[in-house]
Amino acid sequence: MKVTYNEAAKELIEKGTKKLESLNFTPRFYSHDASLWKTDPDAVKIINNSLGWSEVYDWTLNALPEVISFAQEAKKDYKHVVLMGMGGSSLAPEVFRVLFGKQEGWPELIVLDSTNPDWIASVRAKIVPSKTLFIFASKSGGTVEPSSQFAYFYDEVSKESKNPGHNFIAITDPGTGLQTIAKEHNFRKVFTNRADIGGRFSALSLFGIVPAALCGIDVKKLLEETKKQGEAFKAGSDKAAFELGALMGAGYGAGKDKLTLVMPKNVGTFGLWVEQLVAESTGKEGKGIVPVAGEGLYRNFDYKDDRIFVCISFDCKDNDRVKEITSELAKTKHPVFEVQMCSLYALGAQFLLWEIATAASGAILEINPFDQPNVQLAKTITKGLLADLASGKKSEETSAELLLSDNLKGKVSLSSLASDLIALPKGKDYIALLAYMHNSKENDAVLSCLRDEIFTRTKRAVLFGYGPRYLHSTGQLHKGDGNNGIFIIISADAEQDVKIPAQAYSFADLVNAQALADFKALREKGRRVIKIHLKKPVLNSLKKISSLF
């Protein structure tokens, strides 16, 4: 794998490499030595059940005949494939979907990782349920988002088919609740993944490869190329993954914790996957590497001295623009690391590169990259809010125009939001814009402009995420790092609500409960958080907020 880096990056890589060598990292990593990261029994137990991804390409290649056979059958029956999942179950399929595009003669893949009713309705409008294959992807089957999506779409298929289960398959771990659901509802197929792989490290397992195969990607070619690269990493003939991990780990130690991902727009979605992997793996114990994906890229911009730039070079029209700016950055004080992705089928090698690098950086930070200790808090609060809804109680805070954490009261108002926000960041702070909204082109354009305006006016890293997607991605970092974030949560009325069968609440209730729950979770963790609720028409309300900047 071809990588290049400037002198500033080289210094950090050498420092990080010394640390990895002192740990004897490579042989211990491939022998699955949990003590690389932690030695207490509870952590060791988690780590021992989390390292199956390191050479999973061999296992997945052995499983391919079954996967490819089913994909060939399915292409005859379905026009669309809808994946219902969150976090690690959905982001790798989303990368495959966007980068490869629709393949001739194969169903179109749609990835649904939201509970926003307008987002749900937009997917429903694109498909004929009886001509659609639905993938329920979950390690446990108990995740509220895909469970709610399943209830809705199973009901929709039932209106057109006497055997609705035939339109559903599952990807899950052995012995899960989803295995039971699949049997009870007569699913067409269940793919059982290895249990020793965490969700965010599952791209090259069945969670990533089954959806890729179903939309016509040559998964055998992809995995064989990945295997070649994996063997080179293990043999030590290619050190790119360990160099990147050394850079990330030593960069954090040097105060450069903003891992800024730079890539052509054609492959930009890959940044969402990297963002989840790095944020959820390293954002804990008061530490955290902050991945910055999809940020505007400017020539001669006065970046803060807390950045590392990693550029993924890919042969496409936008690559020249990106390379020019990256070359300019490489001449500055900022560490710049460039890795070349030679083809779309090198994507599997990119997944592996980042997984190993993240594990290596975790060893340098002395954290456990394979747990997510702070994710449960927002889930627990959401359950409480939903239980209240079921008993007829609805919190007025859900639709309050403005909510502030205690540490921001008296410092922020809606009328002076821009100037108030710009005055808040100190030191190594970053800002996160978190929107529980439909990802329509119109909303996306306004949110992108808002993010860009905040970035250029504060010169701070500005993260962006759609909720509840980000709860399974950067949400761990938000609550587990050194309290360096300022959070703006935007919730909204539903333009068109959608009922969830057999529940006392709708998708609008669910998504707004999740937004309020994350506000409460962040507030409980002492974070600085602003929550704004938009009335419909939502786009007009969003534009009003954006106009304040």
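**View 1. T260 in strand β7 of the predicted model.** T260 counts as buried, because its relative accessibility is 4%, and buried means under 20%. The model shown here and in the other views is a predicted one. T260 is found in strand β7, which covers residues 258–262. The side chain of T260 makes a polar contact of 2.9 Å with the side chain of R307. Setting aside residues up to four places away in sequence, T260 touches V292, E295, R307, I308, F309 and V310. R307 therefore appears both in the list of residues that T260 touches and as the partner in the polar contact, while the burial of T260 follows from the 4% value.

**View 2. S202 and its surroundings.** S202 sits in the loop between β6 (189–192) and α9 (206–214). At 2% relative accessibility, S202 is classed as buried. A polar atom of the S202 side chain lies 3.4 Å from the backbone oxygen of G88. Apart from its neighbours within four places in sequence, S202 is in contact with G88, I197, F207, G208 and E355.

**View 3. G88, seen from the other side of the contact with S202.** G88 is found in the loop between β2 (80–84) and α5 (91–100). Its relative accessibility is 13%, so G88 counts as buried. Not counting residues up to four places away in sequence, G88 touches G199, R200, S202 and Q276. The backbone oxygen of G88 is the atom that lies 3.4 Å from a polar atom of the S202 side chain. For a longer span, take G88 and I500: these residues are 412 residues apart along the chain, and their C-alpha atoms are separated by 24 Å.

**View 4. Helix α5 and the residue just after it.** How many of the ten residues of α5 are buried? Eight are, so the helix is largely enclosed by the rest of the structure. The buried residues are L91, A92, P93, E94, V95, F96, L99 and F100. An α-helix has 3.6 residues a turn, so residues three or four places apart point the same way. Just after α5, G101 takes a positive phi of about 70 degrees.

**View 5. Helices α7 and α19.** Helix α7 covers residues 144–158 and helix α19 covers residues 507–524; their axes come within 12 Å and cross at roughly 175 degrees. That angle makes α7 roughly antiparallel to α19, because angles over 145 degrees count as roughly antiparallel. On the α7 side the contact involves V144, E145, S148, Q149 and Y152, which meet F507, L510 and Q514 in α19. The residues of this contact divide into four nonpolar, three polar and one charged.

**View 6. Cysteines without disulfides.** A disulfide is a covalent bond between the sulfur atoms of two cysteines. The structure holds zero disulfides. Why is C215 not bonded to C316? The sulfur of C316 is the closest cysteine sulfur to that of C215, but the distance is 20 Å, too far for a bond. C316 is likewise in no disulfide, and its nearest cysteine sulfur, that of C311, is 10 Å away. C215 is buried, with a relative accessible area of 4%. C316 is also buried, with a relative accessible area of 17%.

**View 7. Two cis peptide bonds before proline.** The peptide bond from G467 to P468 is cis, with omega near 5 degrees. P468 is found in the loop between β13 (462–466) and α18 (475–480). A cis peptide bond also joins K536 and P537, with omega about 0 degrees. P537 is found in the loop between β15 (528–534) and α20 (538–547).

**View 8. Two asparagines with positive phi.** N186 is not a glycine, yet it has a positive phi of about 60 degrees. N186 lies in the loop between α8 (177–184) and β6. Is N186 buried or partly exposed? At 45% relative accessibility, N186 counts as partly exposed. N483, again not a glycine, has a positive phi of about 60 degrees. N483 lies in the loop between α18 and β14 (485–492). With a relative accessible area of 27%, N483 is partly exposed.

Conventions: Residues are numbered from 1 along each chain as its sequence is written. This is a predicted model: local features need pLDDT of at least 70, side-chain atom pairs count only at pLDDT 80 or more; totals for chains, interfaces and linings use all residues. Side-chain values use heavy atoms; hydrogens and water are left out. Helices (H or I, at least four residues) and strands (E, at least two) are DSSP runs, numbered from the N terminus. Buried means under 20% relative accessible area, exposed over 50%, partly exposed in between (1.4 Å probe, protein chains only). A polar contact is a pair of N or O atoms within 3.5 Å; within protein, one must be able to donate a hydrogen and the other to accept it, and residues adjacent in sequence count only if both atoms are side-chain atoms. Contact means heavy atoms within 4.5 Å. A disulfide is a pair of cysteine sulfur atoms within 2.5 Å. Axes are lines fitted to C-alpha atoms, for helices over the stretch in contact, and angles run from 0 to 180 degrees between N-to-C directions. Angles under 35 degrees count as roughly parallel, over 145 as roughly antiparallel, 65 to 115 as roughly perpendicular and the rest as oblique. Ala, Val, Leu, Ile, Met, Phe, Trp, Tyr, Cys and Pro count as nonpolar, Asp, Glu, Lys and Arg as charged, and the others, Gly among them, as polar.
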